[in-house]
Amino acid sequence: MGMIPLQEIAPGRIIGPDPLAYRLPDAEGVHAAALRRWRGHRLGIFVHWGVNCRTGLELSYSRGAGHDAGAYDADARRLDARQCDPREWARLFRRAGARYVNLVTRHADGFAWWPTRTDDHHVGNTPFGRDLVGELSSACRETGLDFGC
């Protein structure tokens with residue numbers, strides 16, 4: 001079938017070849033203002049950190065896909081990142097010129113960086129035990145960075 005040219009998908013919605021040149025359907029609305037703000041940021045940081053950093057397994061899907069899920073879960077429960085300092089991260093990101101931070105809060109392995117009641121596979125059940133999502137979100141606000149997940 002091949003790629004469909006964007007002009008066929010949404011005639012008049014493309015300003016030029018720049019991928020940031022798209023216009024939203026509500027060009028005068030809230031989404032357009034948010035997109036204009038994001039375009040102005042130019043540099044952002046994506047934090048893609050997970051249990052697999054401790055295990056050395058591949059990032060895409062390490063829990064159960066060719067790996068023992070029980071062993072992976074046991075390793076997750078031993079996760080100890082007490083030296084993790086989201087405030088220092090935010091200061092470093094800001095000094096680097098970033099304007100926003102995006103944290104992968106729950107990767108394909110299901111591990112959540114916040115204590116959740118949906119299952120037991122989360123940071124609250126580790127020696128680290130802290131809400132990384134909340135801490136990094138607060139640190140970003142304190143340093144003037146936009147935060148997303």
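Is Glu 88 buried, partly exposed or exposed? Select Glu 88 and turn on the surface: with 32% relative accessibility, this residue counts as partly exposed. Keep in mind as you click around that you're looking at a predicted model.

**Stop 1: the charged group on H5**

Keep Glu 88 selected and add Arg 91. Their side chains meet in a salt bridge, at 2.9 Å from N to O. Both residues belong to helix H5, and they sit three residues apart, about one turn of the helix. Arg 91 is partly exposed too, at 36% relative accessibility.

Now add Arg 95. Here the closest N and O atoms to look for are 3.8 Å apart, and they make a salt bridge between Arg 95 and Glu 88. Arg 95 counts as exposed, because its relative accessibility is 59%, over the 50% mark. Side chains of opposite charge can pair when their charged atoms come close.

**Stop 2: a bridge within one loop**

Next, pick Asp 119 and Arg 106. These side chains form a salt bridge as well, with an N to O distance of 3.1 Å. Both partners are in the loop between E2 and H6, 13 residues apart, and the pair is one that links distant parts of the chain. Asp 119 comes out as partly exposed at 30% relative accessibility, and Arg 106 is partly exposed at 30%. Back on H5, salt bridges with shared partners tie Glu 88, Arg 91 and Arg 95 into one network. If you want to hunt for others, the structure holds six salt bridges.

**Stop 3: Thr 126**

Stay with that loop, between strand E2 (100-103) and helix H6 (132-143), and zoom to Thr 126. Why does Thr 126 count as buried? Its relative accessible area is 10%, so it falls under the 20% cut-off. Draw a distance from its side chain to the backbone nitrogen of Gly 129, and you should get 3.1 Å. Then show what surrounds Thr 126: leaving out residues up to four places away in sequence, it touches Ala 76, Arg 77, Leu 79 and Phe 111.

**Stop 4: helix H4**

One of those contacts, Ala 76, leads you to H4, so select residues 69-77. Which residues of H4 are buried? Colour Tyr 72, Asp 73, Asp 75 and Ala 76. They span an arc of only 160° around the axis, so they share the same side of H4.

**Stop 5: the nonpolar core**

Time to go inside. The largest nonpolar core has 22 residues, and the ones touching the most other members are Val 101, Phe 111, Trp 113, Phe 128 and Leu 145. H4, helix H5 (86-95), E2 and H6 each bring at least two residues to this core. The top contributor is H6, with five residues.

Centre the view on Val 101 and show its contacts. Setting aside neighbours within four places in sequence, Val 101 is in contact with Ile 45, Val 47, Phe 93, Leu 136, Cys 140, Leu 145, Asp 146, Phe 147 and Gly 148. Leu 145, then, appears both among those contacts and in the group touching the most other core members.

**Last stop: Arg 42**

Finish at the loop between helix H2 (30-41) and strand E1 (44-47), where you'll find Arg 42. Check the backbone here: phi is near 65°, a positive value in a residue other than glycine. Arg 42 is exposed, with 66% relative accessibility.

Notes. Residues are numbered from 1 along each chain as its sequence is written. This is a predicted model: local features need pLDDT of at least 70, side-chain atom pairs count only at pLDDT 80 or more; totals for chains, interfaces and linings use all residues. Side-chain values use heavy atoms; hydrogens and water are left out. Helices (H or I, at least four residues) and strands (E, at least two) are DSSP runs, numbered from the N terminus. Buried means under 20% relative accessible area, exposed over 50%, partly exposed in between (1.4 Å probe, protein chains only). A polar contact is a pair of N or O atoms within 3.5 Å; within protein, one must be able to donate a hydrogen and the other to accept it, and residues adjacent in sequence count only if both atoms are side-chain atoms. Contact means heavy atoms within 4.5 Å. The arc is that of the directions from the helix axis to the C-beta atoms. A nonpolar core is a set of buried Ala, Val, Leu, Ile, Met, Phe, Trp, Tyr and Cys residues joined through side-chain atoms within 4.5 Å. A salt bridge is a side-chain nitrogen of Lys or Arg within 4 Å of a carboxyl oxygen of Asp or Glu.
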